[in-house]
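Let's take a walk through the pockets and charged pairs of a protein chain. Have the model open beside you as you read.

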Amino acid sequence: MKKIAIFGATGMTGLCTVEAALKQGLEVRALMRDPSRMPEELRKQVEVITGDVLVKEDVDKVVEGRDAIVVTLGTRNDLAPTTIMSEGLRNILSSMEKNNVKIVSVCLSTFLFYDKPKVPAMFHGINDDHERMLHLLQAAESLDWIAVMPPHIAGTPSGDYSVEIGSSPGRAISKYDLGKFMIECLSKPDYYKQRCGLATKVPAP
């Protein structure tokens, strides 16, 4: 795997994912509505496509010729109900099928491990769209997808973390470790077609 594309590259998780990919020597192409949101030292190492994930032609330009795709789409701090992330993912998955790209990691949320009544009400709108995204992945039988479901994403330094399939191992993850995992899981078949929880290890008292 040499060439990847990242959607959502200018958000907190996206920037850390770009850094992790560059550290691994990967060629990174990214779709951005506003390239100025990416620091210049990163931007000059990335192939930037200016466009919108809701425009299929823009998505095709990014997916074509890539070995794998990373999706870290978000709404920044807007918790209102939305379909933008799932509509964007629908375009990405459709373009992957068309361009014969098989591997994708997608950042969702640990709330998808919860029974719905236990999800805090303020997050219901975002969680509903994350659920739509998960259903799109589960329906994409020809793709090797990884649903990455982090808990609270913290600005703490990188540290030891654990990964569990089908459940969450803890309450927080460093944004740097999340970015690293979004890249590393692409080449780990054990995680394909799985819902992966991850969390920083807490030292025993």
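What follows covers two pockets, one asparagine and a set of salt bridges.

**The largest pocket**

Please keep in mind that this is a predicted model. The largest pocket has a volume of about 1,400 Å³, and 44 residues line it. If you would like to place its centre, look for Leu-73, Gly-74, Thr-75, Arg-76 and Met-85, which are the lining residues nearest to that point. Several elements supply at least two lining residues each: helices H1 (12-23), H4 (84-99) and H5 (124-139), together with strands S2 (27-32) and S7 (152-154). In terms of residue type, the lining is made up of 20 nonpolar, 17 polar and seven charged residues.

**The second largest pocket**

The second largest pocket comes to a volume of about 160 Å³. You will find it lined by Cys-16, Glu-19, Ala-20, Lys-23, Gln-24, Ser-158, Tyr-176 and Lys-180. Two elements, H1 and helix H6 (175-184), give two or more residues to this lining. Which of the elements gives the most to the lining of the second largest pocket? That is H1, with four residues. Sorted by type, the lining of the second largest pocket holds three nonpolar, two polar and three charged residues.

**An asparagine in H5**

Helix H5, one of the contributors to the lining of the largest pocket, also contains Asn-127. Is Asn-127 buried or exposed? Its relative accessible area is 4%, so Asn-127 counts as buried, the cut-off being under 20%. Setting aside neighbours within four places in sequence, Asn-127 is in contact with Phe-111, Leu-112 and Val-119.

**Salt bridges**

The count of salt bridges comes to seven. Three of them are listed here, each with its N to O distance.

| Lys | Partner | N to O distance |
|---|---|---|
| Lys-98 | Asp-60 | 2.7 Å |
| Lys-116 | Asp-128 | 3.6 Å |
| Lys-180 | Asp-177 | 3.6 Å |

Start with the side chains of Asp-60 and Lys-98, which meet in a salt bridge. This pair links distant parts of the chain, with Asp-60 in helix H3 (residues 56-63) and Lys-98 in helix H4, 38 residues apart. Lys-98 is exposed, at a relative accessible area of 59%.

Next comes the salt bridge between Lys-116 and Asp-128. Here too the pair links distant parts of the chain: Lys-116 sits in the loop between strand S5 (103-107) and H5, while Asp-128 is in helix H5, twelve residues apart. Lys-116 is partly exposed at 42% relative accessibility, and Asp-128 is also partly exposed, with a relative accessible area of 30%. Both residues belong to a network of salt bridges that includes Glu-131 as well.

The bridge between Lys-180 and Asp-177 lies within one helix. Because the two residues are three apart in helix H6, about one helical turn separates Lys-180 and Asp-177. How do they stand in terms of accessibility? Lys-180 is partly exposed, with a relative accessible area of 29%, whereas Asp-177 is buried, with a relative accessible area of 0%. Lys-180 also ties this part of the report back to the pockets, as one of the residues lining the second largest pocket.

Technical notes. Residues are numbered from 1 along each chain as its sequence is written. This is a predicted model: local features need pLDDT of at least 70, side-chain atom pairs count only at pLDDT 80 or more; totals for chains, interfaces and linings use all residues. Side-chain values use heavy atoms; hydrogens and water are left out. On a 1 Å grid over the protein atoms alone, a cavity is a set of points where a 1.4 Å probe fits but cannot get out, and a pocket is an open set with protein on both sides within 12 Å along at least five of seven lines; lining residues have an atom within 4 Å of a point. Grid points are joined across faces, edges and corners, and a volume is the space filled by probe spheres set on the points. Ala, Val, Leu, Ile, Met, Phe, Trp, Tyr, Cys and Pro count as nonpolar, Asp, Glu, Lys and Arg as charged, and the others, Gly among them, as polar. Buried means under 20% relative accessible area, exposed over 50%, partly exposed in between (1.4 Å probe, protein chains only). Contact means heavy atoms within 4.5 Å. A salt bridge is a side-chain nitrogen of Lys or Arg within 4 Å of a carboxyl oxygen of Asp or Glu.
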